[in-house]
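These are my working notes, kept in the order in which I looked things up. I began with strand pairing and went on to sheets, domains and contacts.

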Amino acid sequence: MGVAIRLNGVTKKFGTFAANINISLAVEEGTIHALVGENGAGKSTLTNIIYGMLRPTSGEIAIKGNAVRFSSPREAIDAGIGMVHQHFMLIPELTVAENIMLGNEECRLFSRIPLKRIRAQIEKDAEAFGLGINPDEKVAQLSVGRQQRVEILKLLFRNASIMIFDEPTAVLTPLETEQFFTTLRSMRDKGKTILLITHKLDEVLAVADTVSVMRKGELIGTLKAASATKPELARMMVGRSVLLKVDNPPSQPGKTLLSLRNIGFITPKGETMLDHLSLDLSAGEIYAIAGVEGNGQRELLQVIRGLAPAGSTLSGEATLGGCSLIGKTPREITRMGVSHIPENRLREGIILDYPVSSNLIFGRHQERSFHKGAGFDDAAIKSHNRMMIKEYDIRCSSPELQPISALSGGNQQKVVVAREFNRPGISLLILAHPTRGVDIGAIEMIHKKIIDARLQGVAILLLSSELEEIVALATRVGCLFKGSIRHEFSRDEVALKRANEHEFIKEIGLHIT
Amino acid sequence: MSSSKRSAFISPDTPPIMTKKTGQLVTPALAILSALLISTLFISLSGQDPAMIFSKMVHSTIGSSYGTGQVVFRLTTLILSGLAVAIPYKLRLFNIGAEGQLLMGAFAAAITGSLIPETLSPALAIALCILSAMAAGGCWGLLAGVLKVQFGVNEVIATIMLNFIAQGITGYLLTWHFALPSTVHTAPIRSAAGIPSIESLTGWFANSPANLSLLFSIAAALLFQIILFRTRFGYEMRAAGLQPEAARHAGINAGMHTLIAMGTGGAVAGLGAANIILGYKHYYESGMTGGIGFTGIAVALLAGANPVWIICTALFFSSLEYGGLTVNAWVPKDIFMIIEAMTILLVISFSALEKQFLNR
């Protein structure tokens with residue numbers, strides 16, 4: 001077997017910042033090669049270089065033995081490279097077949113598209129790799145897992161022999177992930193080369209043949225997946241030993257704090273997103289909501305936080321400490337002691353152009369202790385921020401000047417966590433994907449802080465798409481499906497099942513699909 | 001302007017983009033330079049010697065005390081109409097209506113000035129006229145804000161329509177009710193309401209319309225700089241403009257900020273009437289605002305909606321406008337309209353190029 005991709009001393013600099021430093025790597029033909037590393041380690045930059053979206057500052061790239069210098073993805077595609085981005089590049093209004101042939105219509109501009117031949121080709125590819133799909137269905141109607149199949153078929157249609165996948169399982173359910181791995185293996189067996197970018201170590205060990213680990217722009221090492229272990233990979237990624245599982249002492253829940261009774265939510269468009277959802281949350285416990293995205297998580301948060309868009313119809317009762325939450329503004333709800341880590345940090349949690357220090361008080365800027373006249377008490381904010389930066393180990397060079405967009409995802413999330421966990425008078429903490437896009441080192445710290453908050457008697461509502469996270473942290477687990485809690489695992493059940501993580505995840509998986 | 005240009009690929013792995021600071025000055029300067037180069041070309045094409053034209057322009061603006069005064073007069077209103085565009089722009093609202101807001105303010109100032117009792121002290125008279133101008137302009141801006149928040153009407157469309165309506169209202173009121181017989185202007189304001197010329201105090205800018213309302217303009221620019229960057233209000237407002245979703249989560253009422261920003265923008269545009277009516281003409285006549293509200297858009301965009309920078313860009317545009325007027329005998333002033341518009345397009349294109357270059 002030859003070498004599909006060979007990198008020789010590839011370096012990429014953005015100004016003075018080096019995203020990739022002297023990377024040399026060989027990806028064997030017909031293998032699944034995983035590229036792992038924390039956020040900001042340079043994985044995306046490296047794949048963007050291979051895919052022709054970025055040009056290396058120095059170094060050489062050879063595809064199947066031929067030296068190449070791509071100046072656009074088009075040239076990479078012509079060389080047989082295909083990429084499935086984390087966020088799919090599909091046009092929802094078009095059908096599966098139309099999406100697949102887009103850019104490769106195989107006919108002249110104004111002549112008829114040979115639809116029949118294209119459809120036959122798609123069906124042949126789909127059958128060969130177990131990617132059953134209806135070519136005439138609109139992409140908008142497909143589940144995320146099926147949309148991914150369309151992306152894969154797109155690459156097959158273009159005859160890509162090297163396929164790059166960027167965090168492909170981030171949006172899949174456990175079952176879909178299994179199916180996806182089967183497809184990967186069968187494509188490998190037919191001679192395709194697969195480069196898999198991920199941060200999930202379990203998956204790497206399950207599906208990859210070879211693993212390369214990156215850290216801070218450098219390639220730390222490449223090893224055979226069969227002989228690698230999870231702690232070893234984690235240590236290579238972070239640069240120190242990492243505790244992969246947080247210590248979770250038994251909980252003593254107090255009084256019921258948050259109570260949701262028969263909550264209904266109809267969007268302005270008339271879709272029912274929540275349907276008779278009921279749950280109770282007590283002080284000093286973590287109620288985790290497991291579920292596939294789009295089953296009402298967003299709407300549930302909107303109800304509790306007073307963020308439901310104008311025109312939506314709410315029904316049922318939502319009370320916090322006996323006071324109704326319905327009809328209150330976000331600011332009023334915050335004053336009742338509610339803190340919230342939003343699901344989309346970049347859009348909802350921080351202001352990217354603001355410096356770190358302004359972000360550390362964002363949403364808490366109403367607190368008197370930060371005020372001075374019509375402006376802010378810079379000294380008070382500075383000392384508050386110093387404390388937060390120290391306690392949460394936020395890595396930044398100058399908090400007053402550096403925009404938060406210059407920080408890694410993990411450090412950005414630490415800013416949000418520091419801000420929200422330390423709100424005065426906090427009684428309810430809502431965590432939506434608290435460790436999404438966060439590196440292992442930071443996950444360890446955030447998980448510890450979550451358990452600490454629980455031990456101090458805060459009621460915590462946790463929404464996460466990472467079932468490992470739910471199993472590690474939860475006191476109780478509710479399985480959300482089509483807008484209501486379909487199954488609830490009690491405190492005793494969770495404590496008992498936590499010991500056998502894999503079985504428990506599988507069981508949860510059954511209740512959410 | 002920076003907020004609208006964020007790259008299309010935001011992934012957590014994307015390395016930090018270069019600090020914008022270095023490009024902040026270089027890009028507009030380059031754009032102005034290229035615009036001047038292209039206009040040199042246009043002047044040559046029209047059969048004139050560009051060097052002669054430019055030297056005449058310099059002579060008749062900063063070269064003469066009267067010319068400088070003319071530039072200062074234009075600068076005074078232009079700072080304010082620039083601010084009127086820039087303040088809503090911080091919320092990503094595009095106020096095309098500074099012209100209409102100024103028109104309403106000017107009319108209100110002229111009418112108030114002619115109706116107040118003659119015995120009023122100058123301070124009180126001026127204050128009353130300015131307040132009525134700001135109230136009229138403010139209401140006009142606020143109306144667009146209400147249409148946006150309550151009914152979702154795009155503010156660009158709303159302010160353009162309100163410009164027409166303002167033109168209609170002032171035109172009708174002037175012709176049918178307030179014009180002095182056989183003239184096209186209103187009765188003059190009381191002398192107490194007049195703002196003294198700079199010449200009367202210092203002897204500078206002899207015979208020019210430059211007057212003390214320049215101080216209002218500069219004070220307004222500085223005040224907004226402080227409000228935007230030093231107060232909690234500005235902190236909330238900029239956040240709501242940069243990332244509306246994040247602002248909602250942080251309990252910031254974006255609708256309220258929209259109303260305030262549009263109202264304030266309109267009021268600031270209305271304040272421009274102090275210069276034109278109280279400082280210079282002393283009455284209202286049709287067509288007297290001369291599109292200065294639209295030039296304000298250019299001023300604000302070139303300054304990246306930064307209040308203090310607006311003073312500089314307003315100076316650039318007022319020099320260009322008056323300079324163009326003085327060489328009208330040789331080169332049609334349309335050429336200078338081309339330069340103005342081209343500068344804006346070049347600034348926007350150059351900023352985009354700069355981003356691409358840094359991201360490559």
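Which residue is the bridge partner of A:Ile289 in β20(A)? I looked it up and found A:Leu463. I keep in mind throughout that this is a predicted model.

**Entry 1: the sheet around β13 and β20**

I then took the two strands as wholes: β13 (residues 286-290) and β20 (residues 459-463) of chain A run parallel and are joined by four bridges. Helix α15 (residues 440-455) of chain A packs on the sheet, where I find it touching β13, β19 and β20 of chain A, and its direction makes about 145° with that of β20(A). Helix α9 (residues 297-305) of chain A lies across β13, β16, β19 (428-432), β20 and β21 (476-481) of chain A, and I noted that it runs at about 155° to β19(A).

Following the pairings outward, I wrote down an open sheet of six strands in chain A, in the order β16-β19-β20-β13-β21-β22, with mixed pairing. I marked β16 (338-341) and β22 (484-489) of chain A as the edges, since each has a single partner strand and so is left with one side that has no neighbour in the sheet. From one strand to the next, the twist averages 20°.

At one end of that order I checked β21(A) and β22(A), which are antiparallel over five bridges, with A:His487 in β22(A) as the bridge partner of A:Cys479. These strands form a hairpin with two residues between them, and A:Lys482 in the turn has a positive phi of about 50°.

**Entry 2: the sheet around β3**

I next turned to another open sheet of chain A, also mixed in its pairing, whose six strands come in the order β6-β7-β8-β3-β9-β10. Here β6 (81-84) and β10 (218-224) of chain A stand at the edges, each with one partner strand, so that each has a side without a neighbour in the sheet. On average, and with direction ignored, I find neighbouring strands of this sheet turned by 20° against each other.

Strand β9 (residues 210-215) of chain A pairs with β10(A) in the antiparallel sense over six bridges, and within that pair A:Val213 stands opposite A:Gly221 in β10(A). I also recorded that α8(A) packs on the sheet, touching β3 (32-37), β9 and β10 of chain A, and that its direction makes about 30° with that of β9(A).

**Entry 3: β1, β4 and β5**

Strand β1 (residues 3-14) of chain A is antiparallel to strand β4 (residues 58-63) of chain A, and I read five bridges between them; the partner of A:Arg6 in β4(A) is A:Ala62. A:Ala62 also has A:Ala67 as its bridge partner in β5(A), where three bridges join β4(A) to the antiparallel strand β5 (residues 66-68) of chain A. I noted a hairpin here too, with two residues between β4(A) and β5(A) and a positive phi of about 50° at A:Lys64 in the turn.

**Entry 4: the domains of chain A**

For the annotation I went to UniProt, where an unreviewed entry places "domain: ABC transporter" at residues 5-241 and 258-507 of chain A. I find residues 5-241 of chain A to be 34% helix and 27% strand, with end C-alpha atoms 31 Å apart, while residues 258-507 are 36% helix and 26% strand, with end C-alpha atoms 27 Å apart.

The domain assignment of chain A gives domain 1 (3-238) and domain 2 (256-511), and their centres, taken over C-alpha atoms, are separated by 33 Å. Their contact takes 10 residues from domain 1 and 14 residues from domain 2. On the domain 1 side, α6 (174-189) and α8 (230-238) of chain A are the elements that give two or more residues, and α8(A) supplies the largest share, three residues. By class I noted six nonpolar, three polar and one charged on that side.

**Entry 5: chain A against chain B, and a helix pair in chain B**

The contact between the chains takes 35 residues from chain A and 24 residues from chain B. Among the chain A elements that give two or more residues I listed β2 (17-28), α1 (43-50) and α10 (330-335), while α11(A) provides the largest share, four residues.

Within chain B, I looked at helix α5 (residues 122-151) and helix α11 (residues 254-281), whose axes come within 6 Å and cross at roughly 145°. The crossing of α5(B) past α11(B) is right-handed, and the residues of their contact divide into 20 nonpolar, 10 polar and one charged.

Conventions:
Residues are numbered from 1 along each chain as its sequence is written. Chains are lettered from A and ligands numbered from 1 in the order in which they are written. This is a predicted model: local features need pLDDT of at least 70, side-chain atom pairs count only at pLDDT 80 or more; totals for chains, interfaces and linings use all residues. UniProt positions are given in the numbering used here, feature names are shortened, and annotations may be inferred rather than shown by experiment. Two residues are in contact if their C-beta atoms, placed from the backbone, lie within 7 Å. Two strands pair if DSSP finds at least two bridges between them. Axes are lines fitted to C-alpha atoms, for helices over the stretch in contact, and angles run from 0 to 180 degrees between N-to-C directions. Domain bounds come from an automatic or database domain assignment. Ala, Val, Leu, Ile, Met, Phe, Trp, Tyr, Cys and Pro count as nonpolar, Asp, Glu, Lys and Arg as charged, and the others, Gly among them, as polar. A crossing is left-handed if the near helix is turned anticlockwise from the far one by less than a right angle, and right-handed if clockwise.
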